Amino acid sequence: MVWSRLLRRERRTPKLPLPGPCWAQRHTLRTQRLLLYTPETELDVVAAMAAGSDPEAQHWLGRPEDTVLDERVREAVLALRPGDPDALRSSRVAQLLLSRPFTPRPDESEVLVAVRLDDGRYAGATTLHLDSGQAGGWLAPHSRGQGLGTELFRAALHLGHAHLGLPTVNAGHEPTNTASARALTAAGFLPTPGPPRHTLSDGREISATWLTHTSPTPPTHCRATTPPTPNP
């Protein structure tokens with residue numbers, strides 16, 4: 001991520017970090033309306049969690065271990081623009097979290113935080129488990145109902161197939177979660193057999209619908225995941 005360069009097309013256009021090449025377990029993707037990247041600092045991590053911490057999101061996610069409980073903190077973090085130094089300097093919380101670099105942990109799951117291109121705010125996050133190829137994602141309240149979920153899951157597919165070398169990417173949702181169903185289908189996922197019940201992290205057992213997507217071309221690895229060439 002090239003954080004020293006800022007994009008400003010006109011006076012009201014937000015400052016945004018420009019995506020650079022993937023490197024050292026860090027990925028960068030861009031869709032029509034979202035910039036997605038591996039978290040750089042703890043601020044990015046907290047923002048990703050805050051986007052899915054409200055009661056509506058947690059009803060579907062059931063991940064209490066990854067939530068920001070204080071509503072005021074959630075709203076303050078999601079109002080920040082990660083590429084705008086003036087806004088970040090005005091927040092003590094942002095300054096503290098910015099001082100803590102985030103180091104991706106290998107062999108677990110990839111997390112990409114999403115930023116809106118129109119106003120520069122944190123928009124949500126997508127995750128992809130390396131072992132199972134299971135994708136997930138959520139949007140902040142201010143980014144729901146605008147079709148961004150489709151872009152989020154398309155980014156998860158691109159991450160899996162073109163960056164991580166996964167031939168298939170899987171996803172699941174509760175049958176009554178129509179927003180996730182529409183977004184996953186529009187992104188290109190197709191129905192696949194799976195267990196009818198699923199237990200969330202908070203212990204709730206729910207009905208489950210499963211989907212999958214197979215790469216139409218041979219999957220590839222980007223620079224962030226390409227194994228080093230052995231010495232002859």
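**Entry 1. A buried glutamine**

I take a residue as buried when its relative accessible area is under 20%. The model I examined is a predicted one. I began with Gln 58, which I located in helix α2, spanning residues 55-61. Its relative accessibility is 16%, and Gln 58 therefore counts as buried. I then looked up which residues surround Gln 58. Leaving aside residues up to four places away in sequence, I found that Gln 58 touches Gly 52, Ser 53, Arg 63, Pro 64, Thr 67 and Arg 204.

**Entry 2. The five-stranded sheet**

I turned next to the sheets. One of them is open and has five strands, in the order β3-β4-β5-β6-β7, with antiparallel pairing. At its edges I found β3 (28-30) and β7 (135-139), each of which pairs on one side only. From one strand to the next, the twist averages 20°.

I followed the pairs in order across this sheet. Strands β3 and β4 run antiparallel and are joined by three bridges. I noted that Arg 30 stands opposite Leu 35 in β4. The two strands form a hairpin, and three residues lie between them.

Between β4 and β5 I found four bridges, again with the strands running antiparallel. Here Tyr 37 has Val 113 in β5 as its bridge partner.

At the other end of the order, strand β6 (residues 122-129) is joined to β7 by five bridges, and the two run antiparallel. I recorded Gly 137 in β7 as the bridge partner of Thr 126. Helix α1 (residues 42-51) packs on the sheet and touches β4 (34-37), β5 (109-116), β6 and β7. The direction of α1 makes about 95° with that of β6.

**Entry 3. The two faces of β4**

Is β4 covered on one face or both? I checked its residues and found both faces covered. Leu 34 and Leu 36 are buried on one side, and Leu 35 and Tyr 37 are buried on the other. I set beside this the general rule that side chains in a regular strand alternate between the two faces of the sheet. Two of these residues had already appeared in my notes on pairing: Leu 35 stands opposite Arg 30, and Tyr 37 is the bridge partner of Val 113.

**Entry 4. The three-stranded sheet**

I found another open sheet, made of three strands in the order β8-β12-β9, with antiparallel pairing. Its edge strands are β8 and β9, each pairing on one side only.

Six bridges join β8 to β12, and these strands run antiparallel. Along this pair I noted Val 169 opposite His 213 in β12. I also noted that Asn 170 has Thr 212 in β12 as its bridge partner.

On the other side of β12, I looked up strand β9 (residues 190-191), which pairs with β12 in the antiparallel sense over two bridges. The bridge partner of Leu 190 in β12 is Thr 212. Thr 212 thus enters my notes twice, as a partner of Asn 170 and of Leu 190.

I then looked for helices on this sheet. Helix α6 lies across β8 and β12, running at about 155° to β8. Helix α7 packs on the sheet as well, touching β8 and β12, and its direction makes about 160° with that of β8.

**Entry 5. Helix α7 and its buried face**

In helix α7 (residues 178-187), I found Ser 180, Ala 183, Leu 184 and Ala 187 buried. Why do the buried residues of α7 line one face of the helix? Seen down the axis of α7, they fall within an arc of 95°, so they line one face. The general rule is that an α-helix has 3.6 residues a turn, so residues three or four places apart point the same way.

I asked what the buried residues of α7 pack against, and found α6 (148-163), β8 (168-173) and β12 (209-214). After α7 comes Gly 188, whose phi is positive, near 115°.

**Entry 6. How α6 and α7 cross**

I closed with the two helices together. The axes of α6 and α7 come within 8 Å and cross at roughly 50°. That angle makes α6 oblique to α7. The crossing in which α6 passes α7 is right-handed.

For the contacts, I listed Gly 149, Thr 150, Phe 153, Arg 154 and Leu 157 in α6, which meet Ala 183, Leu 184, Ala 186 and Ala 187 in α7. Among these, Ala 183, Leu 184 and Ala 187 are recorded in Entry 5 as buried.

Terms used:
Residues are numbered from 1 along each chain as its sequence is written. This is a predicted model: local features need pLDDT of at least 70, side-chain atom pairs count only at pLDDT 80 or more; totals for chains, interfaces and linings use all residues. Side-chain values use heavy atoms; hydrogens and water are left out. Buried means under 20% relative accessible area, exposed over 50%, partly exposed in between (1.4 Å probe, protein chains only). The arc is that of the directions from the helix axis to the C-beta atoms. Contact means heavy atoms within 4.5 Å. Two strands pair if DSSP finds at least two bridges between them. Axes are lines fitted to C-alpha atoms, for helices over the stretch in contact, and angles run from 0 to 180 degrees between N-to-C directions. Angles under 35 degrees count as roughly parallel, over 145 as roughly antiparallel, 65 to 115 as roughly perpendicular and the rest as oblique. A crossing is left-handed if the near helix is turned anticlockwise from the far one by less than a right angle, and right-handed if clockwise.
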